[in-house]
Amino acid sequence: MLSPDLKKYAIIVAGGSGSRMQAARPKQFLLIAGEPVLLHTLRRFHAFSPEMPLVVVLPETEIAAWQDLCRQHQCTIPHRVVTGGSSRFQSVKNGLAALEAEEDGVVAVHDGVRPFIDNVLLTAAYSTAAQRGTAVVAVSLKESIRRVRGGSSKAVDRSAYRLVQTPQCFRLPLLRRAYAQPESSLFTDDASVVERFGHKIELVEGSYRNIKLTTPEDLVLAEAFLLQESSVPKTS
Ligand SMILES: Nc1ccn([C@@H]2O[C@H](COP(=O)(O)OP(=O)(O)OP(=O)(O)O)[C@@H](O)[C@H]2O)c(=O)n1
Ligand SMILES: C[C@](O)(CO)[C@H](O)COP(=O)(O)O
C-alpha cells in the first residue's frame, strides 16, 4: 500500500499551436468569460491546492504574450514557465525536467485547454495515483461507434471503450522513467507512455464537463458552462 500523503505537483501543458481551433492565436490564450483559457485552468489547480508547485509549459514564442496576459488579468498564482517541445510528449518531458530536484510525489499532467477540471476529479485522481501509482480520468461513450476498415464499417460494443481525459496522475519516479523512453507516434497521452513502459493504468471516473477545447464550437460550450457556473450560488 502506497502512502496517500505524498507531495503533489502539476504540469499543465499549453505548448501547442491549436491548429484545429483555427483562431488567430493559440487556443490556450483565447478569452472565455473575459479571461484566457489557460488562466481558468491554472486557477482551478491553485484553488484545489494553493501550495502545490505548478509548471506551465508554453511555446517559446508565446512566453512573453502569456506574461502580458498574466499582468493584464492580475494573475498572482505562482507558477514556473517552461518552454514546450514539438509534440505533447516533448512538452511533458520538458515539464518533468523542471521537477528534477523533486524525489517523490504524485504529478498530474493536465491539458491547459481543459479549463473545467474540478476539485472532485482532482481529489480522485491524485488519491488513486498515490495509492496505485497511476490514475487517468475517463468517461463512457454517449454515442454509438463503428470501426472503419477498407471502405466499410462495423458496429462495435461501445461498453468496451472509454474516452480518455486529463488529468493523468502518476507517481513522479514512474512518470520520469516512462518519459525516458524513445518517443513513439502511438503516444497520444501520458497513459500510453506509462503503459508502454509496462505499468498498468488505473481509470478514474471523469466528467462530461471536462472538455478539451479543440474546435471552434467547444468555445461556445465553454462560455455556456461558465455562464451557468456564475449563476449557481457556491455552496462552499
Ligand atoms: N507540442 C505540444 C502540443 C500540444 N501541447 C498541449 O497538449 C494539450 C492537448 O493538445 P491539443 O488539444 O492537440 O492541442 P494543440 O496541439 O495545440 O492543438 P492542435 O492539435 O489542434 O494543433 C494542449 O493543452 C496543448 O497546448 C503541448 O503542450 N505541446
Ligand atoms: C491527452 C488527451 O487530451 C487525452 O484525451 C488527448 O490524447 C490529446 O489529444 P490531441 O490529439 O493532442 O488533442
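**Notes on a predicted two-ligand model**

1. A small backbone detail to start with: Gly-133, which comes just after α4, adopts a positive phi of about 95 degrees. Please keep in mind throughout that this is a predicted model.

2. Now the overall build. The chain contains 7 helices and 11 strands. Its radius of gyration is 18 Å, and a compact globule of 236 residues would have a value near 18 Å, so the two agree. Along the principal axes, the C-alpha atoms occupy a box of roughly 50 × 40 × 40 Å.

3. On packing, 37% of the 236 residues are buried. If you take the contacts between residues at least 6 apart in sequence, 72% of them link residues at least 24 apart.

4. The largest nonpolar core has 54 residues, and the members touching the most others are Ile-11, Ile-12, Val-107 and Ala-125. Helix α4 (residues 119-132) supplies the largest share of this core, with 6 residues. For a closer look at one of these members, try Val-107: beyond its neighbours within four places in sequence, Val-107 contacts Tyr-9, Ala-10, Ile-11, Leu-99, Cys-169, Phe-170, Leu-172 and Leu-175.

5. Helix α4 deserves its own point. Its 14 residues should span 20 Å at 1.5 Å a residue, and the end C-alpha atoms are indeed 20 Å apart, so the geometry agrees. The buried residues of α4 are Leu-121, Leu-122, Ala-125, Tyr-126, Thr-128, Ala-129 and Ala-130. An α-helix makes a turn every 3.6 residues, so positions three or four places apart point the same way. As you browse that list, Leu-121, Ala-125 and Ala-129 are among the buried ones. The elements covering the buried residues of α4 include β1 (8-13), α1, β6 (106-111), β7 (134-140), β10 and β11 (203-205).

6. Next, ligand 1. There are 21 residues around this ligand, and Gly-15, Gly-16, Ser-19, Arg-20 and Ser-91 come nearest. By class, the shell around ligand 1 consists of 4 nonpolar, 13 polar and 4 charged residues.

7. Which residues are around ligand 2? They are Arg-88, Asp-111, Val-164, Gln-165, Thr-166, Thr-188, Asp-189, Lys-212 and Thr-214. Strand β10 (residues 162-171) contributes the most to this shell, with 3 residues. The shell of ligand 2 divides into 1 nonpolar, 4 polar and 4 charged residues.

8. Is Pro-26 buried or exposed? Pro-26 sits in the loop between β1 and β2 (31-32), and it counts as buried because it has 24 C-beta neighbours inside 10 Å, where 20 or more are needed. Setting aside neighbours within four places in sequence, Pro-26 is in contact with Gly-16, Ser-17, Gly-18, Pro-59 and Glu-62. One of those partners, Gly-16, is also among the residues that come nearest to ligand 1. Ala-101 lies 75 residues from Pro-26 along the chain, and their C-alpha atoms are separated by 31 Å.

9. Finally, Arg-43, which belongs to helix α1 (residues 37-48). With 15 C-beta neighbours inside 10 Å, Arg-43 counts as partly exposed, because that status falls between the limits of 20 or more for buried and 12 or fewer for exposed. Its C-alpha atom is 21 Å from that of Ser-91, 48 residues apart along the chain.

Conventions. Residues are numbered from 1 along each chain as its sequence is written. Chains are lettered from A and ligands numbered from 1 in the order in which they are written. This is a predicted model: local features need pLDDT of at least 70, side-chain atom pairs count only at pLDDT 80 or more; totals for chains, interfaces and linings use all residues. A residue is near a molecule or strand if its C-beta atom, placed from the backbone, lies within 6 Å of it. Ala, Val, Leu, Ile, Met, Phe, Trp, Tyr, Cys and Pro count as nonpolar, Asp, Glu, Lys and Arg as charged, and the others, Gly among them, as polar. Helices (H or I, at least four residues) and strands (E, at least two) are DSSP runs, numbered from the N terminus. A nonpolar core is a set of buried Ala, Val, Leu, Ile, Met, Phe, Trp, Tyr and Cys residues joined through C-beta atoms within 7 Å. Two residues are in contact if their C-beta atoms, placed from the backbone, lie within 7 Å. The radius of gyration is taken over C-alpha atoms; the globule rule is 2.2 Å times the number of residues to the power 0.38. The expected span of a helix is 1.5 Å times one less than its number of residues.
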